[in-house]
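Here's a quick walk through this protein, with the disulfides and a few odd backbone spots in focus. Have a look at the model first.

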Amino acid sequence: MTHSPLRTAVTSLFLVATCAAPLSAHAGKTLDGIKARGLVVCGVNTALAGFSVADAGGKWSGLDVDICRAVAAAVLGDGEKVKFVPLSTQQRFTALQSGEIDVLSRNTTFSLTRDASMGLHQTAVTYYDGQGVMVLKKSGIKGLKQLKGQTVCVQSGTTTEKNLVDYSKANNLAIKPAVFEKVEAATAAYFAGRCVGYTTDASGLASVRNKEAKDPSEHVVLPELISKEPLGPMVRRGDDEWFAIVKWVVYGLIEAEEYGVTQSSVDRLKTGSTDPVVQRLLGTTEDTGKLLGLDRDWLARAVKTTGNYGEIFERNVGPKSALGLQRGLNNQWNKNGLMYAFPIR
């Protein structure tokens, strides 16, 4: 059977238009399970001040915790509908792989091995970090090269341990790693004087110094960093819809900061802003939620629950917090940082 050139052209145009039209997303099996139980199950650190820590009443706080709350607000309409599961370094990946948790938001470094061989997806970076070393100020050590032949405490089973060995070999320093299975053991050994230095992510060093040192001013974090440590939430492979939701909640928080959408201004901007980007972010003019299997107010709820990325950073780890960290690489891309959200449109 033959077709006329006109009919063929019309058919081709129809197919192009159909393929180009945006489609609503199915929620995905992970989100279906979350809605059925009414909770997002989030794996976090057992105790890392500024990132995830529980108070005496069991209330969790921290940058990683707020990311989970923002996700819960986006998908369930309530940032309190989260079950936090404290996990050790050794437990974290197994808990995610086995389905014990829905998302791992636990100061975890993105790397090729973790992305390609563990059945996991890396979503979006929530904190750009780097590995550092902390020493006693009275040791007189001012730089990493002065650690030649010295003992440095480190936790096993981490990229931190591998980075320390690599750096020592590359610089012919013969550093002696003192390896401990649990982070508490590693820090206790350092503060007991068993090691000249203690190494982990620089943000972790600030947290440990603030929490564990009798006098934080007696300890100094050396200025050099020996690695790149992009940290962020991870999800299981096999559920692209859930992967997209977690990723875009993070990007949404970052883009909200870029366009001045804050926790306190969401409601006002939702009805009063004339900025087309803000209108789109808050679901006023476009329903981006249908592409994720969510409703149109998903991002507005997330920002109203936790604030934008900048507010989350300042509250938990920023200069006015107990950790006192500068924005640095975690500033917006247009302020000399690396926080660059993919466009929400």
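Is N172 buried or exposed? N172 counts as exposed, at 57% relative accessibility; the cut-offs here are under 20% relative accessible area for buried and over 50% for exposed, with partly exposed in between (1.4 Å probe, protein chains only).

A word on where the values come from. You're looking at a predicted model, so local features need pLDDT of at least 70 and side-chain atom pairs count only at pLDDT 80 or more, while totals for chains, interfaces and linings use all residues. Residues are numbered from 1 along each chain as its sequence is written, and side-chain values use heavy atoms, with hydrogens and water left out.

**The overall picture**

The protein has 13 helices and 14 strands. Those are DSSP runs, numbered from the N terminus: helices are H or I with at least four residues, strands are E with at least two. Along the principal axes, the C-alpha atoms fill a box of roughly 85 × 50 × 40 Å. Of the 345 residues, 52% are buried. Take the contacts (heavy atoms within 4.5 Å) with a separation of 6 or more: 70% of them come from residues 24 or more positions apart. The exposed surface is about 16200 Å², and carbon and sulfur atoms supply 54% of it; areas come from the Shrake-Rupley method with a 1.4 Å probe, and for residues only the protein chains shown count as cover.

On charges, there are 40 positive and 34 negative ones, and their mean positions are 3 Å apart. Lys and Arg count as positive, Asp and Glu as negative, and His and the chain ends are not counted. Each charge is placed at NZ of Lys, CZ of Arg, CG of Asp or CD of Glu.

**The disulfides**

A search of the whole structure turns up two disulfides, taking a disulfide as a pair of cysteine sulfur atoms within 2.5 Å. In sequence order, the bonded cysteines pair up as 1-2, 3-4.

| Disulfide | S to S distance |
|---|---|
| C42 to C68 | 1.8 Å |
| C153 to C195 | 1.9 Å |

Start with C42 and C68, which link distant parts of the chain, 26 residues apart: C42 sits in strand β1 (residues 40-45) and C68 in helix α3 (residues 63-76). C42 is buried at 0% relative accessible area, and C68 is buried too, at 1%.

Now for the other pair. C153 is in strand β9 (residues 151-155) and C195 is in the loop between α7 (183-191) and β11 (197-201), so this bond ties together parts that are 42 residues apart in sequence. Both C153 and C195 are buried. The torsion about their S-S bond is about 75°, so the disulfide is right-handed.

**Helix α3**

Back to α3, the helix that holds C68. It has 14 residues and reaches 20 Å from its first C-alpha to its last, close to the 20 Å expected at 1.5 Å a residue; that expected span is 1.5 Å times one less than the number of residues. α3 is mostly covered, with 14 of its 14 residues buried. Just after α3, G77 takes a positive phi of about 80°.

**The loop between α6 and β10**

N172 belongs to the loop between α6 (159-170) and β10 (176-180). N172 isn't a glycine, yet its phi is positive, about 55°. A174 lies in the loop between α6 and β10 as well, and has a positive phi of about 50° although it is not a glycine. A174 is exposed, with a relative accessible area of 52%.
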